[in-house]
Every structure is written in structure tokens, then in C-alpha cells.
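Visitor: Could you take me through one part of this model in close detail? I would like to see how the helices pack there.

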Amino acid sequence: MDIAHAQNVGVNMADFEKINYIDKGLKKYEVDILTLGLCDIFFRASFVEEKSKVKGIFDCRGYEKLSDVEKISAETGLHLFASMAKNALQAEKHCMFSENFEMREENCFVDLEKGDMKFLYLRDNGKKNFKDKMLKLMCVVLEKVDVNERDLFQRAMDVVGNSKGGFKPMIGHIEALERKALQDLRK
């Protein structure tokens, strides 16, 4: 759906985020992947070229900025990060390597009902790896987790911090802690 059509059919324009990419801020394959919505870690986007810049318009319906969320249960937080790791692994299969895009609170959105986390696509300089970026975001979420549930979430952060085997073992450990959180809730 393009922006003009969205305005005509009554779509709330607040559900769309715009980013200006200047001077080759995006590669053609990145534009193609984002336009087609091939990576679940990113919002699907439309692009408009204007002189030396490209404007990306991201459809964020159903998601809220992580910075606007006040509370997250430990279980939901664990689910968000397990999902994020799975989606980052999927993105790498499309050559969208986690070292090359930003994963910060400012470009992070969540759907707490689905337990899903997505990002606006911003290129990064490649100096931080996925684990470092994930831990930084986990610190943000930890502050939003109820004090009584923080120990479990902190254990997940320790698992991520100590992981050495890549995405799959990390995902498995986080999912195991998520199952434990579910079991604790049922008691």
C-alpha cells in the first residue's frame, strides 16, 4: 500500500515511520528485501527517490515503540528476544547481517500480544555483534520487567552474554527459560 492510497482509505498515518537515507545509505538488495518484506526482523517498507536521498516509509501498524512501553512480563520479554534471535538468523540467510544494521531502543518496536519485535532498518558500521546489540536491548527491557520477575530475565541475559555457539543455542536457552516462566505462572 503506498502512502497516497493509505491516506485515501483512512489509514492512520501515525502507523507509518519515515526515514531519509542520504548518499547511498542503502544498497539495492537491501531495498528489494525491505520492499518485499523478506526479513521478519524488519518492517516492510516502500521507498521514494528524491534527488540524492531515498525516503523509506515503514508500515508499523500494530506495534508500539519500545521506548513507549512501560511494563513487560518476563515471559513476554523472553519471547520477544527468542523471536528476535530467530528473525535475525532468518535475515542473515538474506545477507542482512546483524553487524550491519542497528538494533537500538530508538528503532525498535514491539507487539506485546504477539510477542514480536521489529526494527526500522538503519545501517550500522559493523563494529558491534548481534550478542552485544541484543544485550543492550535486554538491559532496556529489564527495566520494564516487574521486580519480582527480574531474576529469570537476568538469567536469560547471562545466557546470552555467555553464549559462544551462535544463534541456535542462544535461541534454545532463551526458549527453555521462557518455558520455565510459563511453568512458574501456572503454579
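Guide: Let's start with helix H3 (residues 74–92) and helix H5 (residues 150–162), which pack at an angle of about 20° with their axes 9 Å apart. Helices here are DSSP runs of H or I with at least four residues, while strands are runs of E with at least two, numbered from the N terminus. Axes are lines fitted to C-alpha atoms, for helices over the stretch in contact, and the angles run from 0 to 180 degrees between N-to-C directions. This is a predicted model, in which local features need pLDDT of at least 70 and side-chain atom pairs count only at pLDDT 80 or more, while totals for chains, interfaces and linings use all residues. Residues are numbered from 1 along each chain as its sequence is written, and side-chain values use heavy atoms, with hydrogens and water left out.

H3 and H5 are therefore roughly parallel to each other; angles under 35 degrees count as roughly parallel, over 145 as roughly antiparallel, 65 to 115 as roughly perpendicular and the rest as oblique. H3 passes H5 in a right-handed crossing, that is, with the near helix turned clockwise from the far one by less than a right angle (anticlockwise would be left-handed). On the H3 side, the contact is made by Ala74, Gly77, Leu78 and Phe81, and on the H5 side by Leu152, Phe153 and Ala156; contact means heavy atoms within 4.5 Å. By class, the contact of H3 with H5 has six nonpolar, one polar and no charged residues. Here Ala, Val, Leu, Ile, Met, Phe, Trp, Tyr, Cys and Pro count as nonpolar, Asp, Glu, Lys and Arg as charged, and the others, Gly among them, as polar.

Now bring in helix H4 (residues 130–142), whose axis comes within 11 Å of that of H3 and crosses it at roughly 160°. H3 and H4 are therefore roughly antiparallel to each other, and H3 passes H4 in a right-handed crossing. H3 brings Gly77, Phe81, Met84, Ala85 and Ala88 to this contact, and H4 brings Phe130, Met134, Leu137, Met138 and Val141. Nine nonpolar residues, one polar and no charged ones make up the contact of H3 with H4.

That leaves the pair H4 and H5, which pack at an angle of about 170° with their axes 10 Å apart. That makes H4 roughly antiparallel to H5. From H4, the contact takes in Lys131, Met134, Leu135, Met138, Cys139, Val141 and Leu142, and from H5, Arg150, Phe153, Gln154, Ala156, Met157, Val160 and Gly161. Sorted by class, the contact of H4 with H5 has ten nonpolar, two polar and two charged residues.

Looking back over the three pairs, Phe81 of H3 belongs to the contact with H5 and to the contact with H4. Met134 of H4 is listed in the contact with H3 and in the contact with H5, and Phe153 of H5 takes part in the contact with H3 and in the contact with H4.
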